[in-house]
Amino acid sequence: MAIETSYLSVLSQVIHRARSEKEQKRIKALCLAYPDLLVPKAALVQFFSEDLVNRLPVREDADKIWQWHGLGGCKEPLFDTSALFGELGVDIDVIDIVKARGDERIVDLNERLPEDLHSSYDLVIDTGTCEHCFNVGQAFMNSCAAVSVDGYLMHAAPMSKCNHGFWNFCPTVYPDFFEDNGFEIVFMKGVVGNLKNGMKLFDLKPFARSELPSESVIYVVAKRVSDQELRWPVQRKYRNA
């Protein structure tokens, strides 16, 4: 999984908002898989500062990671994501089904989230994990269950990417789920493009039938505003049928 430039532009704003609202120097975040930082150095400097970026260690396994993401031969430095989060006042835990980068706690999101992770995080970061879980509803429920009240979820998922994962997500998932489960949507946009040529955001119709650009993705930020037991939603067009 990866953080690219457009995702980071939204995520950095969410981090600032979460820290400001909680009036804390540091917040706690859960990453659903280690999010490789596929952002050029120049963009990182533009987001933050040259001093901050120069403090970040470069990963020794950079060539392997660029290759994994289909960008073999990339000469950009690959900075350590956890170090960047640390500079931004975010302490991260990482869960995954494998130890892909070495620091992950093994958790299968196809199963119910371990109790000690429930309502434990100011921010949950999913850069594109849930669609790779066959039990996709449980995986998405787990990502929401880890968020504490007044905390945030930032979620990315494919909408029209054949065989990227097991599933694509429709925009209606988010208002239908969040409305029933004590969350409010802060941000929701479609994204199209790729790492080589850049990404572009576009508006979505959450309920109307509509065509999507090929290879499109959705970004969603939601805030948990109440503490209630999460439940499976009914799609709104069938609620009063």
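**View 1. Helix H1, from residue 5 to residue 22, has the length its residue count suggests.** In this predicted model, H1 holds 18 residues, and at 1.5 Å a residue these should span 26 Å. The C-alpha atoms at the two ends of H1 are 26 Å apart, so the expected span and the model agree. Which residues of H1 are buried? They are Ser6, Tyr7, Leu8, Val10, Leu11, Ser12, Val14, Ile15 and Ala18. Just after H1 comes Glu23, and its phi is positive, near 50°.

**View 2. Asp116 and Arg105 meet in a salt bridge.** Here is one kind of contact to look for as you explore: side chains of opposite charge can pair when their charged atoms come close. A search of the whole structure finds 17 salt bridges. In the one between Asp116 and Arg105, the closest N and O atoms are 2.8 Å apart. This pair links distant parts of the chain, eleven residues apart: Arg105 belongs to strand E5 (105-106), while Asp116 sits in the loop between E5 and strand E6 (121-126). Are the two partners buried or partly exposed? Asp116 is partly exposed, with a relative accessible area of 48%, and Arg105 is partly exposed too, at 35%.

**View 3. Asp176 and Arg236 form a salt bridge, with 2.6 Å from N to O.** Asp176 lies in helix H7 (residues 173-180) and Arg236 in the segment after strand E10 (217-224), so their pairing ties together parts that are 60 residues apart in sequence. The two ends of this bridge have their own settings. Asp176 is buried, with a relative accessible area of 3%, whereas Arg236 counts as partly exposed at 27%.

**View 4. Asp180 of helix H7 pairs with Arg239.** The closest N and O atoms of this salt bridge are 3.5 Å apart. Because Asp180 lies in H7 and Arg239 in the segment after E10, the pair ties together parts that are 59 residues apart in sequence. Asp180 is buried, with a relative accessible area of 15%, and Arg239 is partly exposed at 28%.

**View 5. Six residues join into one salt-bridge network.** Now bring the previous two views together. Which residues does the network hold? Asp176, Glu179, Asp180, Arg231, Arg236 and Arg239 are joined by salt bridges that share partners. Among them are the buried Asp176 and the partly exposed Arg236, whose side chains meet in a salt bridge.

Methods: Residues are numbered from 1 along each chain as its sequence is written. This is a predicted model: local features need pLDDT of at least 70, side-chain atom pairs count only at pLDDT 80 or more; totals for chains, interfaces and linings use all residues. Side-chain values use heavy atoms; hydrogens and water are left out. Helices (H or I, at least four residues) and strands (E, at least two) are DSSP runs, numbered from the N terminus. The expected span of a helix is 1.5 Å times one less than its number of residues. Buried means under 20% relative accessible area, exposed over 50%, partly exposed in between (1.4 Å probe, protein chains only). A salt bridge is a side-chain nitrogen of Lys or Arg within 4 Å of a carboxyl oxygen of Asp or Glu.
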